[in-house]
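Q: Please take a close look at one strand of the structure shown below and at what surrounds it. I would like a connected account that I can follow residue by residue.

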Amino acid sequence: RRPPRSTLFPYTTLFRSGAKQTVEARIEVANPHRWDMDTPYLYSAVSTLKEGGKQSDRYVTPFGIRTIEYTHDRGFLLNGRPHKFQGVCNHADLGALGTAVNVRGLERQLEIMKSMGVNAIRTSHNPPAPELLDLADRMGVVVMDEAFDMWEIPKVKNGLSKFWKEWYETDLREFIRRDRNHPSVVLWSIGNEIPEQGRADGAKLAQKLTDICHEEDRTRPTTAAFNNADGAMKNGLADAVDIQ
């Protein structure tokens, strides 16, 4: 594979007087400094909005340039080099510090895990705090970004299933749009141990979720956590994700 030469920012959405405009921009980067676990190099894209010759808005998007590939014989490749995931399931829990995000707490947690040899995190079992992905970008940790802990069939009385049909597509698209510029993210997880593994129409919904992921991001595959592997294979749900 040739080294990457460009990165594409698919859209910027502008609103004025009820009208919606979509702007697509492409930038070329010759001989880019690649993001890697050992050298997590980051670039910044600056988007400036001007009106009447004056700046009305400015947004800075950090990003990294790297290639990822999953192979049957060499495993996961980052910039063409094989890496084994030495990973943990991170349940977004900082113990006595509470549930509000403590950036230094997250950073310290990652420092301790890295000292143990950890190079990968699964965000069990919901979208992580953006600050965690910012740290993973800076510290060279790859991430399996997990969207849902349940789908339509409930695990608990007052879970996401109560709002699933109305919100799942909006939530998934917003989740991917929020996180897709993070070079640390190398895999999307569409679900964790969902009961639909054993339901006849589970594969249809899984395929819908995978299709949404592919529409919003063409560069990363999907997976899901199976605790009923036989059921997921029997009803075709396992075939609906890119990596089992």
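A: In this predicted model, strand β9, helix α2 and strand β10 together make a β-α-β unit that is right-handed. Strand β9 covers residues 120–123 and runs parallel to β10, to which three bridges join it; within this pairing, Ala120 stands opposite Val142 of β10. On its other connection, β10 goes on through helix α3, residues 164–179, to strand β11, and these three elements also form a right-handed β-α-β unit. Strand β11 spans residues 185–192, and four bridges hold it to β10 in a parallel arrangement, with Glu146 of β10 placed opposite Ser189 of β11.

Strand β10 itself, residues 142–146, has five of its five residues buried, so it is largely enclosed by the rest of the structure. In a regular strand, side chains alternate between the two faces of the sheet. In β10, Val142, Met144 and Glu146 point one way while Val143 and Asp145 point the other way, and all of them are buried. The acidic residues Asp145 and Glu146 are therefore among the residues that make up this enclosed strand.

The elements that flank β10 deserve the same attention. The loop between β9 and α2 contains His125, and the peptide bond that joins Ser124 to His125 is cis, with omega at about -10 degrees. Most peptide bonds are trans, and most residues other than glycine have a negative phi. Departures of the second kind are found as well: Glu193, which is not a glycine, has a positive phi near 50 degrees, and its place is in the loop between β11 and α4. Glu193 is partly exposed, at a relative accessible area of 37%. Asn31 likewise has a positive phi of about 50 degrees without being a glycine; Asn31 belongs to the loop between β2 and β3 and is exposed, with a relative accessible area of 72%.

Helix α2, the helical part of the unit formed with β9 and β10, holds Asp137. Asp137 is buried and yet takes part in no salt bridge, since the nearest side chain of opposite charge, that of Arg220, is 7.5 Å away, and a salt bridge requires a side-chain nitrogen and a carboxyl oxygen within 4 Å. What Asp137 does have is a polar contact of 2.7 Å between its side chain and that of Ser184.

Side chains of opposite charge can pair when their charged atoms come close. Across the whole structure, a search finds 18 salt bridges. One of them joins the side chains of Glu152 and Arg199, at 3.5 Å from N to O. This pair links distant parts of the chain, as Glu152 is in the loop between β10 and α3 whereas Arg199 is in the loop between β11 and α4, 47 residues apart. Both partners are partly exposed, Glu152 with a relative accessible area of 26% and Arg199 at 29%.

Helix α3, on the route from β10 to β11, carries further charged contacts. Glu169 meets Lys208 in a salt bridge of 3.9 Å, N to O; because Lys208 lies in helix α4 and Glu169 in helix α3, the pair ties together parts that are 39 residues apart in sequence. Lys208 is partly exposed, with a relative accessible area of 33%, as is Glu169 at 29%. Another salt bridge connects Arg177 with Glu174, whose closest N and O atoms are 4.0 Å apart. These two residues are three positions apart in helix α3, which means that about one helical turn separates them. Arg177 has a relative accessible area of 34% and is partly exposed, and Glu174 is partly exposed as well, with 46%. A network of salt bridges takes in Glu169, Arg173, Glu174, Arg177, Arg180, Lys208, Glu215 and Glu216.

As for covalent cross-links, a search of the whole structure finds zero disulfides. Cys89 is in none, the nearest cysteine sulfur being that of Cys213, 18 Å away, a distance that is too far for a bond. The two cysteines also sit in unlike surroundings, because Cys89 is partly exposed, with a relative accessible area of 43%, whereas Cys213 is buried, with 1%.

Technical notes
Residues numbered from 1 in each chain as written. Predicted model: local features only at pLDDT ≥ 70, side-chain atom pairs only at ≥ 80, totals over all residues. Heavy atoms only, no water. Buried < 20%, exposed > 50% of the residue type's maximum accessible area, 1.4 Å probe, protein only. Pairing = 2+ DSSP bridges. Right-handed = clockwise from strand over helix to strand, strands pointing away. Disulfide = S-S within 2.5 Å. Lys, Arg positive; Asp, Glu negative; His and termini not counted. Polar contact = N/O pair within 3.5 Å; in protein donor to acceptor, adjacent residues only side chain to side chain.
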